[in-house]
Amino acid sequence: MSSPMASSPGSNASLSDQKGTRSEGSQAKKSQHAEEAIFYKSCRAAYLTVLKSSLENIKSKEQLTLVLQQAGRNPSQKTVNKYWTSQTTTLNFDDFCTILKEETPATKTELLEAFGKIDTDNTGYILHDELHKLLTTEGEKMTLDEVSAITKLPDFNCNGKLDYKKFCDLYTTTSEQCCRTALEKLEADSRLRHRQFGSEAETAPEGITLPGSKPSLKIVRKTDHKPAPTKGDSRTPSRSAQSCKASSSSTISMCASSSRSTNLIEPNTMKEWQCAQSRGCFYLEEDGEIVSHKYRLHLPQRSTVCITIKPLHLRQIEGKSCHWLSVDTVLYVLKENETQENLQLVCFTDQQNKEMFGWKGELPSGVYWLLPFTTGCRLKKVKSQITGEAKLVYRDEDGELALTKEFRAALLDIFETIDLDGNGLLSLEEYNFFELRTSGETCDEEVWAVCKENFDMKKNELTRQGFMDLNLMEANDREGDPSDLWVTLLSLGYNKALEMTEACPFVIDIYAEKCKPRIKAIYLEAGSWQLNRAICKSVVNKGDAKVMDGCENIIVYTYRTGMRITSVIENKSDNKVIVHVNNEQSRNCLSNRGLAVFAVEVAPKSMMVSQHVMPLNEQEEWLYNCVHSLLR
């Protein structure tokens, strides 16, 4: 008896057709996703050409016109008025994308066809009088000024006529150039390229690796230091929260004592273990981004290890606050594989003892990357009233320049911070981290040899006195003008009262039971997608998961450790989503977003940090009550 398949000669063909149909459908879906990705990338490129962040709203008609022009559109006043009415106060990035879908740019063919209907004799020209009458009375009417702006341009106007073919060439070329310039700017800045409304998506961009390629150091040059513009850090939705269709809420009550757990083993119980140490620093950039050192750890053999990170204690100066001591720190440990392209999260310092965070466990031999992180809840831009400016230099009785006592104290603290190995001397490598941060330049061996001839050194390393004399030389070079000295101080997180308010020095200790660990600072740069992915993974692995009511593809993870709470949003769907976040019912809480209500966009098939939250006052109870809602 033959099988049913054998008796049906068309069966194989039918199966083949079904597979082909599914394959075509899958290809069409992929193509659609690719087109959407290109569209949103172009939108973001245009938006970030005018605004500092996708979180920032369009606040005026003029800004709307600018971003539309950067996207290759040439909106008339009527078009702008259609989207910016008398009721409009702001438009957000999502609104902007919607407008671009509506206002598609005219092609060269469409423009030529439109002009051709007017130029019935096919001369290639249109009289200015005829153009004025047409554009100001028919269709989407232009103003006289808008038409005059066209007819006054010499490139395609002559003897009262418009050469519309040249005009169409210039129009389309300019439109394409605007889009291309915006995209090139976006591609040139990896931080902007992957930003998703103030945070990066978990999915890694192709070709981007943290330690595999030379980092792009974000530094403040001495000639370019300018005050940062004041702006919000989070996006306020222009639509009402009533448009939410799915939600998830989390409530965590914390007593004052629970913010200081003591389950971390004290390092002094491991006196026989071998130790490696390195210092480093978090620096706050003008735009609120945080830069820090990144480290490579080598473990020669499998061993139980204890890894800790804490703010670095500097000398207490009477009358000066030690703001950085309250800044939270965490260290993510990633294992390096053979290609260095896909670092794997191994552990992170989730145990706390006072201001110290640590992790203890067994690690195989190999190379690891240590990525320091702070949430930005406490290390952030603050407005402070400072009366007067601290004096840095003065002239002594002999008329010679000298450093003031206050400036010398600040320089000693700076020395302690940049002395990464803590040996009381600055190596060329350590000094170059300082130079990169403050001037964007580095010293080579030849320049270092000249320094050795002129400044106090020991074992080819700069002493504290040598460092002081270097700064005094800089003051003398400018004949007492402290401008460059202030640029150095500001780039290192000091304010005009010589208080370190926008930096947090820290110290990392690695204890190993069976071998000698080696740690080395490699980069000084902003957080990478590798770090962001590690943060997301740590929360997903250890946090509580809640599926949004009414939307099973959106999951909110909440993880509490010590005095921090972090939430991560995972989007398993094939479409981007915008999530509304409401903290209005929280008490005594401080969010890194800076607002009680904001919104975030999560790309398809990705996850991203929603927010980090800490107590405003650790001595009091605090309540975390957050509602995540999906916007329609």
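# Strands and helices in a predicted model

Student: Which residue of S23 stands opposite Ile 555?
Tutor: This is a predicted model. S22 and S23 run antiparallel and are joined by eight bridges. Opposite Ile 555, the residue in S23 is Glu 570.

Student: Which residue in the hairpin of S22 and S23 takes a positive phi?
Tutor: Two residues lie between these strands. One residue in this hairpin has a positive phi near 55°. That residue is Gly 562.

Student: Which residue of S22 is the bridge partner of Val 547?
Tutor: S21 and S22 run antiparallel, joined by five bridges. In S22, the bridge partner of Val 547 is Ile 555.

Student: What is the phi of Gly 550, in the turn of the S21 and S22 hairpin?
Tutor: The hairpin of S21 and S22 has two residues between its strands. Gly 550 sits in that turn. Its phi is positive, at about 85°.

Student: What is the order of the five strands in the open sheet?
Tutor: The pairing in this sheet is antiparallel. From one strand to the next, the twist averages 25°. The strand order is S21-S22-S23-S27-S25.

Student: Why is one side of S21 and one side of S25 left without a neighbour in the sheet?
Tutor: S21 covers residues 544-548, and S25 covers 589-591. Both stand at the edges of the sheet. One side of each is left without a neighbour because each has a single partner strand.

Student: Which residue in S27 does Ser 591 stand opposite?
Tutor: S25 pairs with S27, residues 606-615, in the antiparallel sense. Three bridges make up that pairing. In S27, the residue opposite Ser 591 is Val 613.

Student: How many residues of S22 are buried?
Tutor: S22 spans residues 551-561, and helix H15 lies across it. The strand is mostly covered. Of its 11 residues, the number buried is eight.

Student: At what angle does helix H15 run to S27?
Tutor: H15 is made of residues 529-542. It lies across S21, S22, S23 and S27. Its angle to S27 is about 80°.

Student: What is the order of the three strands in the other open sheet?
Tutor: Its pairing is antiparallel. S1 (125-127) and S2 (157-158) are the edge strands, each pairing on one side only. The order is therefore S1-S3-S2.

Student: Which residue in S3 does Cys 158 stand opposite?
Tutor: S2 runs antiparallel to S3, residues 161-163. Two bridges join them. In S3, the residue opposite Cys 158 is Lys 161.

Student: At what angle do the axes of H2 and H4 cross?
Tutor: H2 holds residues 61-70, and H4 holds residues 93-102. Their axes come within 11 Å. The crossing angle is roughly 55°.

Student: Which residues of H2 and H4 make the contact?
Tutor: H2 passes H4 in a right-handed crossing. On the H2 side, the contact is made by Leu 64, Val 67 and Leu 68. On the H4 side, it is made by Phe 96, Ile 99 and Leu 100.

Student: How far apart are the end C-alpha atoms of H10?
Tutor: H10 has 14 residues, 405-418. At 1.5 Å a residue, it should span 20 Å. The end C-alpha atoms agree with this, being apart by 20 Å.

Student: How many residues of H10 are buried?
Tutor: The helix is mostly covered. Buried residues include Phe 407, Leu 411, Asp 413, Phe 415 and Glu 416. Of the 14 residues, the number buried is 10.

Notes. Residues are numbered from 1 along each chain as its sequence is written. This is a predicted model: local features need pLDDT of at least 70, side-chain atom pairs count only at pLDDT 80 or more; totals for chains, interfaces and linings use all residues. Side-chain values use heavy atoms; hydrogens and water are left out. Two strands pair if DSSP finds at least two bridges between them. Helices (H or I, at least four residues) and strands (E, at least two) are DSSP runs, numbered from the N terminus. Axes are lines fitted to C-alpha atoms, for helices over the stretch in contact, and angles run from 0 to 180 degrees between N-to-C directions. Contact means heavy atoms within 4.5 Å. Buried means under 20% relative accessible area, exposed over 50%, partly exposed in between (1.4 Å probe, protein chains only). The expected span of a helix is 1.5 Å times one less than its number of residues. A crossing is left-handed if the near helix is turned anticlockwise from the far one by less than a right angle, and right-handed if clockwise.
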